[in-house]
Amino acid sequence: MQRIALPTVLALQAVMYCSAAGQTFPPGHPNFYPTAERPIGWRGDGTGAWPGATPVKVWNAATGKNIVWKTPMPGPSFSQPIVVGDKVFTLADPNWLICLSARNGSILWQKQVDHTTLMPPETAAKARDAIAFWDDQFMQYAIWLDLERGYKTQLPQAQIDKALKASADHDFQVNAPGQANFSMIGRADPLWDRCWKDQADYSLYYFGHWEGILTHTFPTPVSDGEHVFVNMSNDQVACYDLEGNCKWMIWDRPARAKATEHHVRYAMSPLLIGEKLIVTACGEMRAYDKATGRKLWGVFHQKDFGSYWVKVSPPVHMRLHFEGKPFDVLLSPGSGIYRLSDGKVIGSLPELQGYEGSTALTDGEIYVRKDAPDGGPATRIAGRFKVINPDRVEFAETWRNLGKTKSGNTTDILFDGWIYSPTSGVRMELTSGKAADLPLSRGRYCAPVLGGNVMISLSGGSYGFREKKPGVMNAAIIDLNDPSKAAVLEDAFVDKRYEEDQAYRLRWRWRGNGESMSNSSPTLQGNRMFFRTVGYLWCVGDCP
């Protein structure tokens, strides 16, 4: 295996950058602070690289070694936490935005981003009645599922009898092992029609297929250092200041969204670009004025923006130039190139097979996308853009890499001219696609991160009856200065919340075929790593 020399990575840990506004620091540096020009959100700045961070290489959740704190959460979330100064922001189902102290994990405030507060009073009352109805139905389903799976229960017999009666009255279903697309209720069940009606009327999602694995709070918040912006799966979008005051909130379900199509899993992480907040959900990409929440434009394209089942990653922003002036575009996970100013389609990207679970990468000049099969090799395509005129942008492919190892749908890391994919066991030159080996780590669901010269790739953590070690995640630690000495931490995160907290499991056991512990990705800041599992927010680092 080749040795990887990364002097630039090491140098960046100690170098301050200068700008007209004063000193700034690379992402991950203890003094890094987001601004409107350098917002922080999904994958940090979008690359998954935190060059200013110095993460620890050894920790153990079972023994507590280098676990600074862990804080129980009111509900699960696969959202990535973000750090703004001394505060950490995370989400929790059904609609919580939570602010914690980065120092000790104490909850400073938490707010419900409740879309029913935006409805007319009569509609809101009906929506809340529907929420109560579906919460109760799901509880009966979860109790029945526990009985089917052989979980130990200490529930009163009356509750068990109620669940058994509900299962007799309704067509509760469980998918077969390995089957992703399942339904919790059969289509002939009367609940089926009510499910679709309540979805269309109130943006409520309960007994569906597959989307529950991603939680209702899948998107990662984004911050400009003064505010935190969130969007969730009930079609709500909101802005809060750092003290928890709601500056604005809207309920925006696209009029063209089909009433008979689930889209809860299709609320993707928002982007901040200048004064615009970009949100994609339910087949529509929208731009809002970040100061007021006023909708500037929306473009509906079913196969580009999440309503179609294979496109589930956020768009990517690139700043091109035309006649010496900046020209901003948004690149969809499907095939469209969109103009940022008004959302107009002005070009196309090469199609790839498989759903876009991984986010495309760019260094501002070269754009790289890959398909994202659950199993099998991933194809990566790289290229550059040329603005022909304001209504036409062309993509020119520069290289195509046909993967030879299984990839999964996680997002790679881009840093210093290299693409790192520990899940595929390769690194690639950004300009040529030429590949070299990296230690293979099967981090199938959690996107890896790079802190300084240390790469962290997480895997495991499912709760299914097929799991040998449920609720436990391992971490592959790869030092890029000597990747041959990659180490695996067996008990990186241990989250037994579903097993040990029956009330939590029955309230939040979304998935019919086991439950995944996390689809998140770590956030790095200085010596600290923040990570979200279904039951907790964790902080890892050197302990006094």
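Which side chain does the side chain of K370 join in a polar contact of 3.4 Å? The partner is the side chain of D412. That is a good way into this structure, which is a predicted model.

## K370 and its polar neighbours

K370 is part of strand 22. With a relative accessibility of 6%, K370 counts as buried, because the cut-off for that label is under 20%. So here is a lysine that is buried, and its side chain has polar company. Besides the 3.4 Å contact with the side chain of D412, a polar atom of the K370 side chain lies 3.0 Å from the backbone oxygen of T410.

## Ring pairs

Aromatic pairs come up a lot in this model: there are 18 of them. One of them brings us back to strand 22, with Y367 and F385 meeting edge-to-face, their centres 5.6 Å apart and their planes at 65°. Y367 belongs to strand 22 (residues 367-370) and F385 to strand 23 (residues 377-389), so this pair ties together parts that lie 18 residues apart in sequence. Both partners are out of the way of solvent by the numbers: Y367 is buried at 1% relative accessible area, and F385 is buried at 14%.

Y498 and Y504 make another pair, and this one is tilted, because the planes stand at 45° with the ring centres 6.0 Å apart. For a pair to be called edge-to-face, the planes would need to be over 60 degrees apart, and for stacked they would need to be under 30. Y498 and Y504 are both buried as well. Elsewhere, ring pairs gather W59, F493, F531, Y536 and W538 into a cluster.

## Arginines over tryptophans

Two arginines sit over ring faces, if you like looking at cation–ring geometry. R43 lies over the face of W42, 5.9 Å from the ring centre. R427 does likewise with W418, at 3.9 Å from the ring centre. For scale, the distance cut-off for a charge over a ring is within 6 Å of the centre.

## A four-stranded open sheet

Now for some strands. Strands 9, 10, 11 and 12 make an open sheet in the order 9-10-11-12, and the pairing is antiparallel. Strand 9 (222-223) and strand 12 (246-251) are the edge strands; each has a single partner strand, so one side of each has no neighbour in the sheet. In general, sheet strands pair through backbone hydrogen bonds, in parallel or antiparallel fashion.

At one of those edges, strand 9 is joined to strand 10 (residues 227-231) by two bridges, with the two running antiparallel. Within this stretch, S223 stands opposite V228 of strand 10. Further along, the loop between strand 10 and strand 11 (236-241) holds D235. The backbone of D235 is worth a look, as its phi is near 70°, a positive value in a residue other than glycine. D235 is also buried, with 4% relative accessible area.

## Strand 30 and its two partners

Strand 30 (residues 454-460) is mostly covered, with six of its seven residues buried. One of its partners is strand 29 (residues 449-451), paired in the antiparallel sense over three bridges. Here G451 stands opposite V454 of strand 30. Strand 29 and strand 30 form a hairpin with two residues between them, and G452 in the turn has a positive phi of about 65°.

Strand 30 also pairs with strand 31 (residues 472-479), again in the antiparallel sense, this time over seven bridges. In that pairing, M455 stands opposite I478 of strand 31.

## Backbone oddities in two other loops

What kind of peptide bond joins D93 and P94? It is a cis bond, with omega at about 5°. P94 is located in the loop between strand 6 (87-92) and strand 7 (96-101).

D416 is another residue other than glycine with a positive phi, near 55°. The home of D416 is the loop between strand 25 (413-415) and strand 26 (418-421). Is D416 buried, exposed or partly exposed? D416 counts as partly exposed, because its relative accessibility is 36%.

Technical notes. Residues are numbered from 1 along each chain as its sequence is written. This is a predicted model: local features need pLDDT of at least 70, side-chain atom pairs count only at pLDDT 80 or more; totals for chains, interfaces and linings use all residues. Side-chain values use heavy atoms; hydrogens and water are left out. Rings of Phe, Tyr and Trp (its six-membered ring) pair if their centres lie within 6.5 Å; planes under 30 degrees apart count as stacked, over 60 as edge-to-face and the rest as tilted. Buried means under 20% relative accessible area, exposed over 50%, partly exposed in between (1.4 Å probe, protein chains only). A charge sits over a ring if NZ of Lys or CZ of Arg is within 6 Å of the ring centre and within 35 degrees of the ring normal. Two strands pair if DSSP finds at least two bridges between them. A polar contact is a pair of N or O atoms within 3.5 Å; within protein, one must be able to donate a hydrogen and the other to accept it, and residues adjacent in sequence count only if both atoms are side-chain atoms.
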